[in-house]
Amino acid sequence: MNQKEKEQYILDNYKKDENTMILVFSQWCVNNDLDPRELYKQAYPDQGKNQQLGEAFELTIPKNESDEIPVQTVLDVLQLFENDHLAFVVAEEHEKKLKE
């Protein structure tokens, strides 16, 4: 494997992992009756539509068919990809749910 192939391999794996992170976030939102696009907009109000988020949302399943995703898992995955603003919004929404 030459250098260019290695770089492409690393880039492809990062992209795959990033898509997994977005899907975990989206499914957690669905499971908690939240709109992932709305939460993303709260975290990043200056950004436009996120195409990857839209694609991931299409892959989510109804909450009654999904396993529970612990909020800590979502927070860890978001922070791993340096989505600290989004992790903060998720934590806030989780706290709201706990108080209901």
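**Close-up views of a predicted helical model**

**View 1. N50, a loop residue with a side-chain-to-backbone contact.** N50 has a relative accessibility of 24%, so it counts as partly exposed. Everything shown here and in the later views comes from a predicted model. N50 belongs to the loop between α2 and α3. Its side chain comes within 2.8 Å of the backbone nitrogen of L53. For a sense of scale, take V24: N50 is 26 residues away from V24 along the sequence, and their C-alpha atoms are 15 Å apart.

**View 2. Q27, a buried glutamine in helix α1.** Is Q27 buried or exposed? With a relative accessible area of 8%, Q27 falls under the 20% cut-off, so buried is the word. Its helix, α1, runs over residues 3-31. A polar atom of the Q27 side chain lies 2.9 Å from the backbone nitrogen of I61. Once neighbours within four places in sequence are set aside, the contacts of Q27 are T60, I61, P62, S66 and I69. That makes I61 both a contact of Q27 and the residue whose backbone nitrogen faces the Q27 side chain at 2.9 Å.

**View 3. The largest nonpolar core and W28 inside it.** Nonpolar side chains tend to be buried together in soluble globular proteins. Here the largest nonpolar core counts 22 residues, and those with the most contacts within it are F25, W28, L39, V74, L78, L86 and V90. Which helices feed it? At least two residues come from each of α1, α2 (36-43), α3 (51-59), α4 and α5. The top contributor is α1, which gives 5 residues. Zoom in on W28 and, with neighbours within four places in sequence left out, you find it in contact with L34, L39, I69, V71, V74, V90 and H94. I69 turns up again here: it is a contact of W28 and also a contact of Q27.

**View 4. Two aromatic pairs, both tilted.** How many aromatic pairs are there? The count is 2. In one of them, the ring centres of Y14 and F81 are 5.3 Å apart; their planes meet at 55°, so this pair goes down as tilted. Y14 sits in helix α1 and F81 in the loop between α4 (71-80) and α5 (84-99), so the pair ties together distant parts of the chain, 67 residues apart. Y14 is partly exposed at 45% relative accessibility, whereas F81 is buried at 15%. Y40 and Y44 make a tilted pair too, with 5.1 Å from centre to centre and 50° between the planes. Both of these tyrosines, Y40 and Y44, are buried.

**View 5. R37, with a ring on one hand and a carboxylate on the other.** The charged end of R37 is placed over the ring of F57, 4.1 Å from the ring centre. R37 also shares a salt bridge with D35, at 3.2 Å from N to O. R37 is partly exposed, with a relative accessible area of 39%. D35 is partly exposed as well, at 32%.

**View 6. D33, a positive phi and a salt bridge in one loop residue.** Most residues other than glycine have a negative phi. D33 goes the other way, with a positive phi near 55°. D33 lies in the loop between α1 and α2 and is exposed, at 55% relative accessible area. It forms a salt bridge with K63, and the closest N and O atoms are 2.8 Å apart. K63 is in the loop between α3 and α4, 30 residues away from D33, and the bridge links distant parts of the chain. K63 itself is partly exposed, with a relative accessible area of 39%.

**View 7. E82, another positive phi, in the loop between α4 and α5.** For E82, phi is near 60°, again a positive value in a residue other than glycine. E82 is exposed, with a relative accessible area of 66%. The loop between α4 and α5 that holds E82 also carries F81, the partner of Y14.

**View 8. A salt bridge within helix α5.** Side chains of opposite charge can pair when their charged atoms come close. The model holds 3 salt bridges, and one of them joins E93 to K96, with the closest N and O atoms 3.2 Å apart. Both residues lie in helix α5, 3 residues apart, which is about one turn of the helix. E93 is buried, at 10% relative accessible area, while K96 is partly exposed at 47%.

Technical notes: Residues are numbered from 1 along each chain as its sequence is written. This is a predicted model: local features need pLDDT of at least 70, side-chain atom pairs count only at pLDDT 80 or more; totals for chains, interfaces and linings use all residues. Side-chain values use heavy atoms; hydrogens and water are left out. Helices (H or I, at least four residues) and strands (E, at least two) are DSSP runs, numbered from the N terminus. Buried means under 20% relative accessible area, exposed over 50%, partly exposed in between (1.4 Å probe, protein chains only). A polar contact is a pair of N or O atoms within 3.5 Å; within protein, one must be able to donate a hydrogen and the other to accept it, and residues adjacent in sequence count only if both atoms are side-chain atoms. Contact means heavy atoms within 4.5 Å. Rings of Phe, Tyr and Trp (its six-membered ring) pair if their centres lie within 6.5 Å; planes under 30 degrees apart count as stacked, over 60 as edge-to-face and the rest as tilted. A charge sits over a ring if NZ of Lys or CZ of Arg is within 6 Å of the ring centre and within 35 degrees of the ring normal. A nonpolar core is a set of buried Ala, Val, Leu, Ile, Met, Phe, Trp, Tyr and Cys residues joined through side-chain atoms within 4.5 Å. A salt bridge is a side-chain nitrogen of Lys or Arg within 4 Å of a carboxyl oxygen of Asp or Glu.
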